[in-house]
Amino acid sequence: MDKGEIPDNANEHCPGPQAETAGKSESCAGCPNQQACATGTASNGPDPAERMATVKHKILVLSCKGGVGKSTFSTQLSFALARTDHQVGLMDLDICGPSMPKMLGLEGHWLHHSNYGWIPVYVEQNLGVVSISFTHSESDDEPAIWRGPRKSGQIIQFLKEVYWGDHIDFLVVDTPPGTSDEHITIVNCLKDTGIDGAIIVTTPQEVAMADVRKGVNFCKKLGVNVLGVVENMSGLTQPLSDVKFMKLTTETGSSVDVTQDMISCIRENAPELLDGVFAWSQVFESSGGGAERMCEEMGVPFLGKIPLDPQLCRAAERGKSCFEGNKCSVSAPALKSIIEKVVASIKMKEDLSGGENKETP
Ligand code: ADP
C-alpha cells in the first residue's frame, strides 16, 4: 500500500494507519497490514500540523443536520474568497455524502499523487478542491458506509496527504453534518496550527435551533471560536418576473397558469411594481425568532440570512459561483454581506494578535 493510505484489503473497522491505535486495536486482528501499522512504517509522511503550516486561515463550516445548505455555503464562500484574489482551498470531509464534486462539476475527478502528496483539483487558478470522494472508487450513487474509527482514520490521512502548495490564505473545511468523532478528529488535527473559527449553517425553524445550540456548545467545549451562525433558506424570494401565478380549482386540485393576465394587469395599473419588487413567502415556521434570537441568547454572532433562492439552487447544481453575472440577484448580496463579516472578523482577530494565527479559545 501507499504510505498512509487505508488499503483495500484492510479490515472493516480499520482505524487507519495514522491512528494511535493503528495495528493495535481489536479490529486490526488478522489484517494483512497489522504489522506495518503497528510499527508505524505504514504512516510515514508529514503529520497534519506540518501540512497545515502553509495554510494561513482555517474556517470550519458545520451544520447539525444535513440538507440545510452547508456545502452550498462552503462552496460560495470559497468562490467569494477566490474572487478577492486570495489563494483558497476547499476541503470536503463529508465522507458519507460528499456533494461537493457534483456542486463544482468535478464528478469523476481523482486526486493525483505527486512527490509532495495529493494534489487538489483546481476549479480556478486560485481555488483548489479536495473531496474524500476523489480518493475512492465507489460508484457515485453508493453511499460510503464506514464506521467512526475508519472515518476518522481517513480524515487524518486526508489532512496529512493533501499538498496545498507553498501557501494558501484560506482553507474552508466542509465537515460532515452533526457533531461526532469525525469533528473531534478534524479539530484535533487542525488545532495546533490554529483554527480561525467555525461557521454554523442552519435553517430558520424552531426544531433546527436545538441543533444549532448543540453546534455552538460543541465548539465551546472544544475551544473553537464561533465566527457566527448563518440562517439559510430564510424565506422564498424571487423576482416577480420569475414567479408563476396559478388559479387553483379547490375541488379538483387542478390549476391554470394566469401569469400573463396578472402581469398585464400590473403593467397597466402599476408598472413600477415590475421593477425591483420581489415575491417573498415564509417557508419554514420561525415565529420563535429563528437563528438571530438564538444567537443573542447564546452570545454568538449572527452573520445574516440567505433567502431560499431558486437561482442559487441552479447555480449550485451547475457548480457555478453565485457572484458571476447577475444571476442570483436575491441571494448573492446576502452571501456577500455575510462573507464580508466573516473576513472582517478574521482580520480583526489577526490584527489583535499581531498577525499570529493561533486560536484563542
Ligand atoms: P448540506 O450540505 O447541508 O447537506 P446542500 O448545500 O447540499 O446541503 O444543499 C441542499 C440543497 O439545497 C441543494 O440542492 C442546494 O442547491 C439547495 N440550497 C441550499 N441553499 C439554498 C438556498 N439558499 N436557496 C435555494 N436552494 C438552496
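Start with how this chain holds together: among contacts between residues at least 6 apart in sequence, 76% join residues at least 24 apart. Keep in mind that you're looking at a predicted model. The protein chain has 11 helices and 13 strands, and 52% of its 361 residues count as buried. As for what faces outward, the chain exposes about 17,400 Å², with carbon and sulfur atoms supplying 51% of that area.

**Helix 10 and its surroundings**

- Helix 10 runs over residues 310–317, and its buried residues are Q311, L312, A315 and A316. These four sit on the same side of helix 10, because they cover an arc of only 140 degrees around the axis.
- What do the buried residues of helix 10 pack against? Their partners are helix 3 (70–83), helix 4 (100–103), strand 9 (226–239), strand 13 (302–308) and helix 11 (331–352).
- At the N-terminal end, D309 acts as the cap of helix 10, with a side-chain oxygen 2.9 Å from the backbone nitrogen of Q311.
- Go just past the other end of helix 10 and you'll meet G319, which takes a positive phi of about 70 degrees.

**S331, a partner of D309**

- You'll find S331 in helix 11. Is S331 buried or exposed? Its relative accessibility is 0%, so S331 counts as buried.
- The side chains of S331 and D309 are joined by a polar contact of 2.6 Å. That's the same D309 that caps helix 10.
- Leaving out residues up to four places away in sequence, S331 touches I306, P307, D309 and L312. L312 has already come up as one of the buried residues of helix 10.

**Around the ligand**

- Which of the 19 residues around the ligand come nearest? They are G67, S71, T72, N232 and D309.
- Some polar atoms pair up here: a backbone N or O atom of S71 lies 2.8 Å from an oxygen atom of the ligand. In the side chain of T72, an N or O atom is 2.6 Å from a ligand oxygen. E317 joins in too, with a polar side-chain atom 3.1 Å from an oxygen atom of the ligand.
- On its own, the ligand has 570 Å² of accessible area, and the protein covers 83% of that.
- The elements giving two or more residues to the shell around the ligand are helix 3, strand 9, strand 13 and helix 10. Helix 10 provides the largest share, with four residues.
- Sorted by class, this shell has nine nonpolar, seven polar and three charged residues.

**Two residues with a positive phi**

- Here's the background you need: most residues other than glycine have a negative phi.
- D85 isn't a glycine, yet it has a positive phi of about 70 degrees. Look for D85 in the loop between helix 3 and strand 2 (88–92). With 70% relative accessibility, D85 counts as exposed.
- M233 also has a positive phi without being a glycine, with a value near 60 degrees. M233 lies in strand 9, and it's buried, with a relative accessible area of 19%. The cut-off for buried is under 20%, so M233 falls inside it.

**Loop residues with distant partners in sequence**

- L240 sits in the loop between strand 9 and strand 10 (246–248). Despite being in a loop, L240 is buried, with a relative accessible area of 12%.
- Setting aside residues up to four places away in sequence, L240 touches F245, I266, L273, L274, V277, F278 and A279. Take L273 from that list: it is 33 residues from L240 along the chain, and their C-alpha atoms are separated by 8.6 Å.
- Q205 is in another loop, between strand 8 (197–202) and helix 7 (206–222). Q205 counts as buried too, at 14% relative accessibility.
- How far apart are Q205 and F284 in sequence and in space? They're 79 residues apart in sequence and 5.4 Å apart in space, going from C-alpha to C-alpha.
- Besides neighbours within four places in sequence, Q205 is in contact with K65, F284 and E285. The side chains of Q205 and T203 are joined by a polar contact of 2.9 Å.

Methods. Residues are numbered from 1 along each chain as its sequence is written. This is a predicted model: local features need pLDDT of at least 70, side-chain atom pairs count only at pLDDT 80 or more; totals for chains, interfaces and linings use all residues. Side-chain values use heavy atoms; hydrogens and water are left out. Buried means under 20% relative accessible area, exposed over 50%, partly exposed in between (1.4 Å probe, protein chains only). The arc is that of the directions from the helix axis to the C-beta atoms. Contact means heavy atoms within 4.5 Å. A polar contact is a pair of N or O atoms within 3.5 Å; within protein, one must be able to donate a hydrogen and the other to accept it, and residues adjacent in sequence count only if both atoms are side-chain atoms. A residue is near a molecule or strand if one of its heavy atoms lies within 4 Å of it. Accessible areas come from the Shrake-Rupley method with a 1.4 Å probe; for residues, only the protein chains shown count as cover. Ala, Val, Leu, Ile, Met, Phe, Trp, Tyr, Cys and Pro count as nonpolar, Asp, Glu, Lys and Arg as charged, and the others, Gly among them, as polar.
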